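Me: Hi! I've got a protein with a ligand open on my screen, and I'd like some help finding my way around. Can we go through it together?

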Amino acid sequence: MIIRHRPLHPIRSSEITPKSVFDNRRAILRAMGFGGMAMAMAPLLGAGLGNPAQAAWRPETGKALSGTVNPKYTAKALGVEPTAYDLVTTYNNFYELGTGKGDPHENAGFLKPTPWSIKVEGAVEKPGTYDIDDLIKAEDIEDRVYRFRCVEAWSMVIPWLGVPLSKVISRLKPTSKAKYVYFETLFDPNQMPGQNRQVLEWPYKEGLRMDEAMNPLSLLAVGLHGEVLPNQNGAPLRLVVPWKYGFKSIKSIVLIRFTEKQPPTSWNEANGREYGFYSNVNPNVSHPRWSQAAEKVIGQNNLFGLPIKQPTLMFNGYEEEVADLYAGMNLRTFY
Ligand code: MTE
């Protein structure tokens, strides 16, 4: 997002695992007994939030994870083909692990997502420091395929495994003073070597208005493509807000704060003229340096091996579900 002149899609198609090979690998993992582990463990779990003695549901990074398929958000229902696993996990923005698209995958080993706790504070009845296993319940995990649109005008389709953010927020019981929810990523330069360079003000910060956070589309993701979330994609817990540019989807969250005032966000702090608080996908409002009317589809190449382009949809195609949130707002002013 900072001005850099790198090829938009540096991964050659020959380096991408064909889907058949990938699916076969998944089938082998399942046959070895990893598939469905989370759901099988679900009945063993205790009360979840507020019950620190419960068993951990989370298999290790790279192991299979499953969730209840949400029929509204399957690839078939959306008429889309999910982007290959190897692309979703090697073409990333995660500046704490490097600013190149391949860096987060290369430096993923620095991050240690287990154990992991999340501090909850601010205008909330149940503040505290929660182990991830207390905050995320296995039986709440859903399998949802979402379109993902980066502000850099490229897109993917990602099959996430995650818990609706509204479920977690409701259990934490925000008070009537909570108008926004603010998130922070881990700050630890040993685990996140990119934090040794001041490319952004660390820790990475993001925020949503409360009604955006409570919208059923907002997801706290813990996995993708049927596996526990890889480190480069924001392990062990990251936000996914599919109608907003990808940078709102903050990774490796360690703090959730409920606030009365609009919180600061990293990209808005870095360059407020280019990145607003709302950051809704909007083909009619250009970024000051490029158009947002179209997007390159990562993984779908033309005859010359370059990603094909497709028109960008208002609210990234989720207009029906979210347009009401912004009724009466001028989306050029609140970009
Ligand atoms: N979260 C943190 N902590 N640091 C980052 O650099 N990059 C954002 C977002 N969340 C980023 C982050 C941007 S610009 C994008 S496009 C998405 O993560 C990329 O998510 P993905 O790697 O899962 O595709």
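Me: How far is an oxygen atom of the ligand from an N or O atom in the side chain of Asn 233?
Reply: Happy to help! Keep in mind that this is a predicted model. That distance is 3.1 Å, from an oxygen atom of the ligand to an N or O atom in the Asn 233 side chain.

Me: And which side chain has an N or O atom 2.9 Å from a nitrogen atom of the ligand?
Reply: That one belongs to Thr 185. There is also a backbone case: a polar backbone atom of Ser 249 is 2.8 Å from a nitrogen atom of the ligand.

Me: How much of the ligand does the protein bury?
Reply: The protein buries 99% of the 540 Å² that the ligand exposes when taken alone.

Me: Where does the ligand sit, then?
Reply: Its place is in the largest cavity.

Me: Cool. Which residues come nearest to it?
Reply: There are 17 residues around the ligand, and the nearest are Asn 92, Tyr 95, Glu 96, Arg 238 and Lys 251. Sorted by class, the shell holds 8 nonpolar, 6 polar and 3 charged residues.

Me: New topic: which helix is Leu 172 in?
Reply: Leu 172 is part of helix α7, which covers residues 165–172.

Me: Is Leu 172 buried or exposed, and why?
Reply: Leu 172 is buried, because its relative accessibility is 1% and the cut-off for buried is under 20%.

Me: How far apart are Leu 172 and Lys 126 in space?
Reply: Their C-alpha atoms are 5.2 Å apart, although 46 residues separate Leu 172 and Lys 126 in sequence.

Definitions and conventions:
Residues are numbered from 1 along each chain as its sequence is written. This is a predicted model: local features need pLDDT of at least 70, side-chain atom pairs count only at pLDDT 80 or more; totals for chains, interfaces and linings use all residues. Side-chain values use heavy atoms; hydrogens and water are left out. A residue is near a molecule or strand if one of its heavy atoms lies within 4 Å of it. A polar contact is a pair of N or O atoms within 3.5 Å; within protein, one must be able to donate a hydrogen and the other to accept it, and residues adjacent in sequence count only if both atoms are side-chain atoms. Accessible areas come from the Shrake-Rupley method with a 1.4 Å probe; for residues, only the protein chains shown count as cover. On a 1 Å grid over the protein atoms alone, a cavity is a set of points where a 1.4 Å probe fits but cannot get out, and a pocket is an open set with protein on both sides within 12 Å along at least five of seven lines; lining residues have an atom within 4 Å of a point. A molecule sits in a cavity or pocket if more than half of its atoms lie within 2 Å of its grid points. Ala, Val, Leu, Ile, Met, Phe, Trp, Tyr, Cys and Pro count as nonpolar, Asp, Glu, Lys and Arg as charged, and the others, Gly among them, as polar. Helices (H or I, at least four residues) and strands (E, at least two) are DSSP runs, numbered from the N terminus. Buried means under 20% relative accessible area, exposed over 50%, partly exposed in between (1.4 Å probe, protein chains only).
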